[in-house]
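Student: Could you take me slowly through one part of this structure, and tell me how the residues there are placed? I would like a careful look rather than a quick tour.

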Amino acid sequence: MRTLLFLALLVQSVTAAEWTISTFAGNGVKGGTGDSGPATAAQIDNPFGLVRGPDGAIWFCEYTGQRIRRVAPDGTISTIAGTGKVGYTGDGGPALQATFNLPHELRFDAKGDLYVVDMTNHAVRKIDLKTKIITTIAGNGKPGYSGDGGPAKDAQFKQPHSIQFGPDGSLYVCDIGNNVIRKIDMTTGTISTFAGTGKPGVSPDGAPIAGTPLKGPRSMDFDKQGNLWIVTREGNQVLKFDLKAEKIIHIAGTGAKGFTGNGGPAKEATLSGPKGISIDAEGNAWLADCESHSIRMVNMKTGNLELIAGLNQKGDGPDGDPLQCKMARPHGVFCDADGTVFIGDSESHRVRLLKKK
């Protein structure tokens, strides 16, 4: 047993040793200052979802900062949307004058416009980046579960968390409070339930997507083959939806909450409230394993779960060795085209990045 444990730790260490971690934005102090200056000197407030925009900048949500911020390629930071106050105002006007209530994640469509999940407003909002005007495109602002088959703007969500555009241009929404994934046809504006039954439950390996329950669908991403990957927060699992076969494939997590199995088979490992997922160019699944304060990765060549950053201890660690860098409930993770991995290290009030040495 000790020999197996040693070998597992050796595999883990060798993998993590290929990476270095550094601060990309935020000085570790909660706040909203620093616009027009270096992102690393700015105060940011609980960064969650993050993504690279078509302009080459990195964009991220400030969950409790109630803002959307942008780090330009030259490293300067600016605020794109939100006054910093809690509310649900501004539709039809400039995004900078709008208010949010816990913006959770953001994505760009093929035209380059920005979409934001406004979680506690139970809505998805759009910022036209040519006009800088903000509007609501889905959700009527009231919590509930209604509207399938009709206009998305009239539907009800219950604390939607994650969004992602599918290969066909449809917008998928993790409607976590209803334990479903909703789908918005962006041509017709019609909403439907894509997966989940409305009640939490086990998602067996090989089960059909339709009619199988989900347990807290929290975050999602698509791979190059067009498959939809999700992490379930309460389910503590990684699932892949094979859209051609219309089946659910179990990738990682036993379903129990924990921090075991690093360096071993991902299906036998335990996860701890995973809050973010991103699929890299090689098809590996990167996880923001929030409650273990770590970044873990499912290596799809080996099937193993590997610890890349974090110590399973909450804190604000130093740049350098990712396994010596404490984090504080990371929620966002984004794999860039060049292999760099960006992290929304939420309660450290930093955006960090992992790079190969």
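Tutor: Let us begin with Asn46, keeping in mind that this is a predicted model. With a relative accessibility of 9%, Asn46 counts as buried, because buried means under 20% relative accessible area. Asn46 is found in the loop between β1 and β2, and its phi is near 60°, a positive value in a residue other than glycine. That deserves a pause, since most residues other than glycine have a negative phi.

The two strands that border this loop, β1 (19–25) and β2 (47–52), are among the elements that give two or more residues to the largest nonpolar core. This core has 31 residues, of which Trp59, Ile68 and Leu114 touch the most other members, and its largest share, 4 residues, comes from β3. If you look at Ile68 and leave aside its neighbours within four places in sequence, you will find it in contact with residues including Trp59, Phe60, Leu106, Leu114 and Val116.

Two other asparagines in loops can be set beside Asn46. Asn179, in the loop between β11 (171–175) and β12 (180–184), also has a positive phi near 60°, and with a relative accessible area of 11% Asn179 is buried. Asn121, which lies in the loop between β7 and β8 (123–128), counts as buried at 6% relative accessibility. The side chain of Asn121 reaches the backbone oxygen of Gly87 at 3.0 Å, and, not counting residues up to four places away in sequence, Asn121 touches Gly87, Tyr88, Phe100, Asn101 and Gly141.

Methods. Residues are numbered from 1 along each chain as its sequence is written. This is a predicted model: local features need pLDDT of at least 70, side-chain atom pairs count only at pLDDT 80 or more; totals for chains, interfaces and linings use all residues. Side-chain values use heavy atoms; hydrogens and water are left out. A nonpolar core is a set of buried Ala, Val, Leu, Ile, Met, Phe, Trp, Tyr and Cys residues joined through side-chain atoms within 4.5 Å. Buried means under 20% relative accessible area, exposed over 50%, partly exposed in between (1.4 Å probe, protein chains only). Contact means heavy atoms within 4.5 Å. A polar contact is a pair of N or O atoms within 3.5 Å; within protein, one must be able to donate a hydrogen and the other to accept it, and residues adjacent in sequence count only if both atoms are side-chain atoms.
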